[in-house]
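Visitor: I would like to go through this model with you, beginning with a pair of facing residues and working outward from there. Could you guide me?

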Amino acid sequence: MKIALISPLRNADRRKPKGIFMPQLSLHLIAGLTPEEHEVHTIEEERESIDFNEWYDLVGISCMTSNAPRAYELAKGFRERGAKVVLGGIHPSIMPEEAIQHADAVVIGEAEGVWEDVLKDVQADKLRKTYRKDNPTLDRYIPVRYPKKSRKRILSIIPVMTTKGCPYNCEFCSVHTIYGRKIRHIPVRNVVRYIRETPGKLYMFLDDNIVGDVRYARELFTALKPLKIKWVGQASVSLAKNVDLIRMAVQSGCFGLFFGVETVTTAQAEKMTKSHNNLKDTEEAIKRIADLGIHFHPSMILGFDDDTKGIFEETLEFLYRNKISTASMNVLTPYPGTEIFKQFAEEDRLITRNWRHYNHNTPVYKPKQMSPRELYEGRLWAVKEFSKFSSVLKRLPYHLHVAIYHMMVNRACLQAIQIEIDNFPTVSKELYAV
Ligand code: B12
């Protein structure tokens with residue numbers, strides 16, 4: 001069969017053909033699961049436009065919530081031309097009843113253990129509506145297939161996944177819903193083989209918490225050391241308690257980690273189920289981790305019920321006080337499948353169910369202590385303040401060892417926020433009628 005595996009953009013007219021690029025691991029992993037007899041084309045809409053005139057027997061589309069509407073558009077286009085369409089990824093897994101309205105089949109959860117059945121069933125014209133295998137084993141080595149022709153161009157950053165499942169149960173996150181709360185690992189020898197088989201030196205570990213299982217993390221970091229790669233990833237702030245593990249991470253090539261700090265409001269922090277709910281401890285953790293050589297990138301969420309209009313300045317003060325180089329500041333987003341989605345729906349606080357707006361930038365609910373528009377504007381202001389040239393220069397002396405990275409990432413943030421500022425009147429009119 002001729003198969004297309006597609007990762008859609010949120011807005012098809014906003015392609016970014018240049019710059020740093022990380023391929024969508026799920027597509028290339030599913031290509032790797034596909035027996036050689038089939039011809040597979042992976043299409044990342046961020047890089048290439050989609051040609052409906054190309055014939056495919058089967059089209060597999062992967063999506064999150066924000067690009068689900070585009071995935072449904074693509075599904076319609078290909079089905080009209082006679083292809084079978086299968087949807088997968090986090091959004092179809094959480095909302096299979098919705099997704100199946102737009103496709104011939106939906107894979108709920110992971111492709112491992114079901115994709116081969118999907119292929120056989122398409123060939124036998126016996127496709128089922130849904131496929132699901134909970135907690136498939138990760139022991140088998142899957143030779144992830146990146147397209148040969150474009151290997152160099154496509155592989156600016158190479159994604160790696162070692163672990164599935166997250167023990168935390170954060171109210172705004174849906175990861176435990178799809179992967180479960182039990183941590184499962186890919187054997188370290190298979191991670192090493194994958195790294196050896198992919199060209200490049202810069203890797204991103206996609207795991208929600210690369211140090212979630214300390215024993216595994218130690219084994220992994222020891223095995224990475226001889227490979228002489230550089231890598232970034234995500235970890236929980238509790239890493240600060242284990243200086244030895246931080247040193248091992250640095251020695252294995254880690255130069256930056258992304259941390260879900262989420263809030264600077266004490267009341268909100270205390271409510272959260274993560275282990276680091278004391279702001280003072282978080283500040284000490286930031287210092288310790290940064291002093292040991294790891295670029296600390298906090299991710300902040302704005303718009304919790306305890307947040308007042310002062311949250312934007314308070315968050316900036318926190319970032320400046322802790323000499324943070326780069327940060328993400330997102331709007332709280334009630335993704336389907338999360339506790340806050342249920343809560344906001346029950347309280348009739350959801351403004352829209354147009355998933356395109358569920359993108360971390362746009363308030364899609366009524367916050368408690370400000371209007372959605374104030375939250376929207378406040379976040380735009382905070383991100384611009386933090387990433388504007390004068391502010392970035394002020395922080396530069398603390399980050400001279402990563403000066404280029406510090407300047408480049410902040411510049412990219414400034415460019416991205418300017419696009420959002422330009423779109424603000426249109427989105428604001430559509431959602432808040434002002
Ligand atoms: C990497 C990543 C990104 C990258 C993606 C780019 C890239 N080139 O990879 C970047 C940084 C750009 C990104 C951006 C965003 N992300 Co993100 N991201 C992730 C992360 C950390 C890993 C996803 C991943 O690649 N996993 C590895 C692959 C192998 O697993 P997988 O995607 O789940 O695929 C498996 C199954 O789902 C299934 N499957 C997937 N697709 C398909 C398709 C078919 C046909 C089949 C059969 C099966 C199948 O099989 C796969 C193998 O098991 C997840 C967290 C997580 N743990 O999943 C968040 C996550 C997916 N992101 C999320 C969010 C919210 C965002 C943003 C909105 C955040 C923002 N601030 O803007 C944006 C949205 C971008 C957009 N398109 O509009 C949420 C999604 C929630 C939701 N309901 O949509 C997640 C779950 C994080 C979270 N904690 O909530 N993200």
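Guide: In this predicted model, a good place to begin is I6, which stands opposite I61 in β3.

Visitor: How many bridges join strand β1 to β3, and how do the two run?

Guide: The pair I6 and I61 belongs to this part of the model, with I61 lying in β3. Strand β1, residues 2–7, and β3 run parallel, and the number of bridges that join them is 4.

Visitor: Which strands touch helix α2, and what angle does its direction make with that of β4?

Guide: Helix α2, residues 68–80, packs on the sheet, where it touches β1, β3 and β4. The direction of α2, set against that of β4, makes an angle of about 165 degrees.

Visitor: Which strands stand at the edges of the sheet that has the order β2-β1-β3-β4-β5-β6, and why is one side of each left without a neighbour?

Guide: This is an open sheet of 6 strands with parallel pairing. Two of its strands have a single partner strand each, so one side of each is left without a neighbour in the sheet. Those edge strands are β2 (39–44) and β6 (130–132).

Visitor: What is the order of the open sheet that includes β7 and β14, and which strands are at its edges?

Guide: This open sheet also has its strands in parallel pairing, 6 of them, in the order β7-β10-β11-β12-β13-β14. Because each has a single partner strand, one side is left without a neighbour in the sheet for β7 (158–160) and β14 (328–331). Neighbouring strands here are turned against each other, direction ignored, by an average of 20 degrees.

Visitor: Which residue stands opposite G233?

Guide: Strand β11 (residues 230–235) and strand β12 (residues 254–262) run parallel and are joined by 5 bridges. Opposite G233, in β12, stands L257.

Visitor: How far apart are the C-alpha centres of domain 1 and domain 2?

Guide: The chain is divided into domain 1 (2–132) and domain 2 (157–432). Contact between them involves 23 residues of domain 1 and 22 residues of domain 2. Their C-alpha centres lie apart by 27 Å.

Visitor: Which residues come nearest to the ligand, and which helices and strands each supply at least two residues of the shell?

Guide: Domain 1 and domain 2 each give at least three residues to the shell around the ligand, and the shell divides into 18 nonpolar, 15 polar and 5 charged residues. At least two residues come from each of α1 (25–33), β3 (58–62), β4 (84–88) and α7 (175–179). Of the 38 residues around the ligand, those that come nearest are M22, S62, T65, E112 and Y179.

Visitor: What distance separates a polar side-chain atom of D208 from a nitrogen atom of the ligand?

Guide: The side chain of T65 has an N or O atom 2.8 Å from a nitrogen atom of the ligand, while in the side chain of S66 an N or O atom is 2.9 Å from an oxygen atom of the ligand. For D208, the distance from a polar side-chain atom to a nitrogen atom of the ligand is 3.0 Å.

Notes:
Residues numbered from 1 in each chain as written. Predicted model: local features only at pLDDT ≥ 70, side-chain atom pairs only at ≥ 80, totals over all residues. Heavy atoms only, no water. Near = heavy atom within 4 Å. Polar contact = N/O pair within 3.5 Å; in protein donor to acceptor, adjacent residues only side chain to side chain. Nonpolar A, V, L, I, M, F, W, Y, C, P; charged D, E, K, R; others polar. Domains from an automatic or database assignment. Pairing = 2+ DSSP bridges. Axes fitted to C-alpha atoms, helices over the stretch in contact; angles between N-to-C directions. Contact = heavy atoms within 4.5 Å.
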